[in-house]
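Work through the exercises below with the sequence and the structure at hand, trying each task before reading its solution.

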Amino acid sequence: MNWRKLATASAITLAAASATQADEPVKIGMITTLSGPAGYLGQDIRDGFQLAIDAEGGTLGGVPVTMIVEDDALKPGNGRQIADRLLNNEGVKLFTGIVFSNVAGATLPDIIDNDAIYISPNAAPSNFAGSECHKNYFVVSWQNDSLHESAGQNATNLGYETAFVLAPNYQAGKDAIGGFKRFFKGEIVGEVYTRLDQTDFAAEMAQIRDAKPAVVFQFHPGGLGITFLRQYQQAGLLETTPMVVAEPSMDGVILNAVGEAAIGINVSSHWNADFDNEASKKFVAAWKEAYDRPITYYASQGYDTALAIASALKANGGNLDDLGPFREALRKADFQSVRGDFAFGPNQHPIQDWYALKVVAGEDGKPMLKTGERILEDHSDAYAAECSL
Amino acid sequence: MPISKLGRPFFALAVLAALIALPPVADAMGQPALTSMAARILIYGIAAASLNIVLGYGGMVSFGHAAFFGVGGYVVGILYAHHASGDPLFGFIPGSNQLLVTLPAAILVSGLAALVIGALSLRTSGVQFIMITLAFAQMLFFLFVSLKTYGGDDGLIIRRANEAPWLNMRDKQTVYYVCLAIAVAFFALLWRFVNSRFANVLMGLRQSERRMAAIGLPAYRYKLAAFVISGMGAGLAGALMANFLRFASPDMLHWTKSGELMVMVILGGVGTLFGPLAGAAVYIILESVLASWTEYWQLGVGIILLFVVLYTHGGVQALALRLAGRRP
Amino acid sequence: MTLFLEQLLNGLQFGVMLFLMAAGLTLIFGIMGIINLAHGSIYMVGAYAGALVITETDSFLLGIPAALVVAAIVGILMEVTVIRRLYRRDHLDQVLATFAIILILNQAITILFGRQPLFAAMPAGLGGSIELLPGLIYPVYRLAIIVVGLSVAAGLYLLINRTRIGMLVRAGSTNRDMVRALGVDIRMLYTIVFGLGALLAGLAGLMAGPILAVQVGMGEQILITTFVVVVIGGVGSIKGAFYASLIIGVVDTLLRAYLPGLLRQFMVGSEADALGAGVSSMGIYLLMALVLLARPKGLFVADS
């Protein structure tokens with residue numbers, strides 16, 4: 001090696017070293033859905049994440065961070081394009097934020113195959129949980145099916161013998177019905193797939209009334225869920241047929257919009273605003289301080305994702321040139337999750353408890369979600385066994 | 001005007017040279033994602049220029065061209081899926097991951113789709129034509145949404161881009177140069193087409209169908225041929241897009257995509273050779289520049305679009321020419 | 001049988017909502033020659049105005065003028081600032097400009113009112129269900145929508161056939177240039193027609209408030225279906241829009257309700273559901289294509 005090459009090499013090393021100095025903030029790419037009817041989901045994830053950064057005064061685990069937020073507009077192609085730009089132009093090594101499975105499906109491979117880490121605050125489709133699991137892919141929220149498995153178990157625990165199930169006709173909808181059936185021991189008396197752009201459910205209400213099930217399970221996230229519940233009530237079904245749902249069909253915003261009509265609905269969740277642990281109380285208080293809108297579990301997932309990143313950044317001092325130690329530290333999940341016990345399973349998806357919630361009238365008269373008994377303990381997912389990491 | 005006639009080929013060559021030099025320059029500037037953006041512009045440019053054949057030269061306002069774009073993409077995706085699984089499609093068509101097979105297949109299939117849709121739609125005209133093309137595109141959209149085998153609403157992931165002899169298609173720059181080469185060939189063909197007798201007849205039909213019929217020209221057949229050629233071009237663009245994104249989804253067929261393609265054509269200049277390419281460039285650059293500034297980027301896009309329609313009379317190309325002191 | 005009757009009522013109710021949208025759109029199409037993609041955005045604006053006022057004041061009655069007035073004002077503003085410049089342009093420019101308006105209004109609403117969907121409370125007294133026939137229980141509010149929609153249809157019929165404005169509208173939709181030549185203030189007529197269309201869209205938005213989520217993007221969902229109605233009925237024909245609305249409403253509802261079950265008779269359950277959901281979504285477009293192939297100008301267009 002002649003002196004010139006040596007000089008160049010050391011210059012490059014110097015540049016690389018200076019980039020990882022503590023004064024150069026770690027970039028976190030947040031690709032999320034901010035526009036359209038589902039925009040509030042991404043907004044809450046982003047704001048929950050930001051709360052954790054603000055609580056530390058602009059750092060995570062003592063390491064300065066900057067968050068680059070981009071809107072995927074719920075278009076898989078956009079997600080992919082943004083990831084490409086952040087990876088190559090901005091040199092981002094840490095990604096998070098994607099709300100929807102279809103955007104995740106298109107965007108994830110590019111990120112994790114290109115030596116960057118993705119930590120999911122929400123969507124976790126089954127295809128990345130099993131044999132296609134990846135060392136650069138972590139999930140802080142849940143595996144898609146688990147949500148609805150907990151609802152199935154809840155319906156079984158509550159002693160219902162027949163169920164009518166409804167979900168939109170797309171992959172997450174089919175996963176929902178699959179997950180519910182896996183843990184529901186009774187009989188399915190009706191199975192209906194709705195449309196993602198559907199605004200009127202009158203036809204479905206008539207079918208439910210005709211089938212006379214003991215319980216209805218439905219998966220309609222965001223605005224769809226509000227519409228469905230309101231029309232369920234208007235059709236007079238709420239008085240005759242109880243409902244069991246997983247949390248996406250009854251988040252804080254939906255509850256707020258539906259109001260008293262929601263009282264009595266059975267929900268299953270991994271977190272709720274009334275959880276009695278320090279981390280959760282701190283988070284709820286910080287949210288109320290910062291934002292004037294209902295808290296959702298999406299926000300809690302954004303917050304927890306930031307905590308998980310903070311734990312790993314703290315352990316390795318913010319050095320992302322070698323991802324090995326970062327992954328190692330992240331896998332330990334050494335942080336106080338707002339949901340209490342939390343660990344990563346072999347496929348780097350959560351192992352956590354699921355709880356039965358019920359919508360009740362709160363002290364101020366407004367309906368609220370009240371946590372009841374634990375439905376599933378240390379629950380992993382159906383695909384973890386297929387993963388060889 | 002002689003100056004502009006002389007100037008235009010030089011301008012086109014200069015743009016071409018810049019496009020060839022782009023990847024290394026972008027890398028040197030530390031902006032390698034510029035190359036991806038340029039590839040997207042080229043691909044949408046092909047799609048928009050294809051739409052312009054019916055829209056600009058033929059005067060047929062198709063509000064369903066995303067259908068052909070999507071069909072082209074899905075041909076690549078479905079052939080890849082069958083190549084990966086090893087099961088032949090319908091039991092006898094083997095899958096493929098060879099670019100030299102999938103591109104012609106995509107052009108062929110989208111051409112066939114355009115033949116069927118065009119043959120039926122061209123029985124109407126005006127507003128009804130706009131709406132019937134939209135209706136067919138919506139039908140195809142919902143068809144792909146309900147195809148569970150091919151991912152349904154979630155789309156179809158293509159794990160690896162198609163292979164081509166002597167080329168390493170895993171390299172992004174190679175994919176870019178492939179897109180550029182195809183775009184050059186496409187626009188060369190389009191230039192021949194625009195100056196052909198066929199295109200003259202088409203433009204004549206736009207002005208007066210009755211007069212052309214009086215000369216004894218079968219209007220319907222000419223229009224249908226133009227529609228099919230246009231559909232094939234959009235299918236080619238879709239196939240390239242599927243290779244570039246390694247992903248095909250019903251989103252490619254959504255009516256807003258048809259709208260975007262129309263926006264590109266109008267932005268650039270209806271009925272001009274390179275206008276749609278310029279329009280695609282403006283639209284995509286606007287979208288990504290605004291999106292990196294503000295999450296309310298659609299507001300900016302909307303205001304600029306409105307301005308272009310109301311005040312430029314002929315898109316950015318005309319605007320640029322007027323600013324340069326020439327009449328468009 | 002009661003199930004079938006209930007589904008028919010559902011179809012009728014959906015059809016009536018579509019008619020409120022389609023009536024305005026078809027008039028604007030027919031008389032002004034404008035393709036207005038932003039018609040759905042006015043529906044959204046009406047829904048937001050109604051829902052906000054109803055939530056603030058706890059009074060559905062106050063929501064009615066709020067939704068109607070705001071929708072009409074936004075419509076008239078839109079006409080005066082943008083649409084007016086598009087009369088002499090071709091369809092392409094109209095599509096692009098109104099597409100731009102969709103983007104602008106969607107983002108403006110997001111900035112002003114946030115991304116979380118809103119909800120309007122039911123008007124007092126219309127919240128429950130009644131038993132129309134033994135076993136046929138139906139929500140009162142939906143019955144009210146049907147009644148309002150049919151009354152509006154009747155009112156429009158009288159307006160178009162019995163008044164001077166209606167006469168001009170009829171004349172304008174068959175021969176625009178002739179009306180202009182007769183010295184009628186065509187600008188005024190256009191603004192009135194556009195305002196009326198906006199008013200009806202606002203009414204539809206208001207009535208949708210208590211049953212649907214009021215959210216950004218709600219306009220585009222109904223817009224495309226409305227276009228299908230207008231084209232099937234025949235551009236410019238209120239009568240056509242009326243019948244086509246009811247046909248589309250009933251066909252769409254019945255397909256959605258019965259097709260998956262029908263397919264399940266001779267297919268595997270999950271595939272039948274996926275295919276059924278897909279085909280029932282395609283149904284109305286298929287219907288439109290068939291109608292246009294048989295009658296290229298739509299069902300109810302007078303041959304001129």
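## Exercise 1: The two domains of chain A

Task: In this predicted model, determine how many residue pairs are in polar contact between domain 1 of chain A and domain 2 of chain A, and describe the side of domain 1 that touches domain 2.

Solution: Begin with the polar contacts, where the count between domain 1 of chain A and domain 2 of chain A is one residue pair, with both residues at pLDDT 80 or more. Continue with the element that gives the most to the side of domain 1 of chain A touching domain 2 of chain A, which is helix H12 (residues 297–316) of chain A, with three residues. Sorted by class, that side of domain 1 of chain A holds seven nonpolar and six polar residues, and no charged residues. As for salt bridges, the rule finds zero of them across the interface of domain 1 of chain A and domain 2 of chain A.

## Exercise 2: Placing the domains and their shared area

Task: State where domain 1 and domain 2 of chain A lie in the sequence, and work out which residues of domain 1 lose the most area to domain 2.

Solution: First take the bounds, for the domain assignment of chain A gives 3–142 + 276–344 as domain 1 and 145–269 + 353–386 as domain 2. Next consider the spacing, in which the centres of domain 1 of chain A and domain 2 of chain A, taken over C-alpha atoms, are separated by 30 Å. In terms of contact, 13 residues of domain 1 of chain A meet 17 residues of domain 2 of chain A. The area buried between domain 1 and domain 2 of chain A is about 1400 Å², and carbon and sulfur atoms give 63% of it. Within domain 1 of chain A, the residues that lose the most area to domain 2 of chain A are Tyr40(A), Trp142(A) and Tyr297(A), which together account for 35% of what that side buries.

## Exercise 3: Chain B against chain C

Task: Describe the interface of chain B and chain C, and find which helix gives the most to the side of chain B that touches chain C.

Solution: Start from the contacts, which join 39 residues of chain B to 41 residues of chain C. Between them, chain B and chain C bury about 4000 Å², with 80% of it on carbon and sulfur atoms. The rule finds zero salt bridges across the interface of chain B and chain C, while five residue pairs there are in polar contact, both residues being at pLDDT 80 or more. Helix H5 (126–145), helix H10 (255–268) and helix H12 (297–312) of chain B each supply at least two residues of the side that touches chain C, and H5(B) gives the most, with twelve residues. By class, this side of chain B has 28 nonpolar, eight polar and three charged residues.

Note on methods
Residues numbered from 1 in each chain as written. Chains lettered and ligands numbered in written order. Predicted model: local features only at pLDDT ≥ 70, side-chain atom pairs only at ≥ 80, totals over all residues. Heavy atoms only, no water. Domains from an automatic or database assignment. Contact = heavy atoms within 4.5 Å. Buried area = accessible area lost by both parts, 1.4 Å probe. Salt bridge = Lys/Arg side-chain N within 4 Å of Asp/Glu carboxyl O. Polar contact = N/O pair within 3.5 Å; in protein donor to acceptor, adjacent residues only side chain to side chain. Helix = DSSP H or I, 4+ residues; strand = E, 2+ residues; numbered from the N terminus. Nonpolar A, V, L, I, M, F, W, Y, C, P; charged D, E, K, R; others polar.
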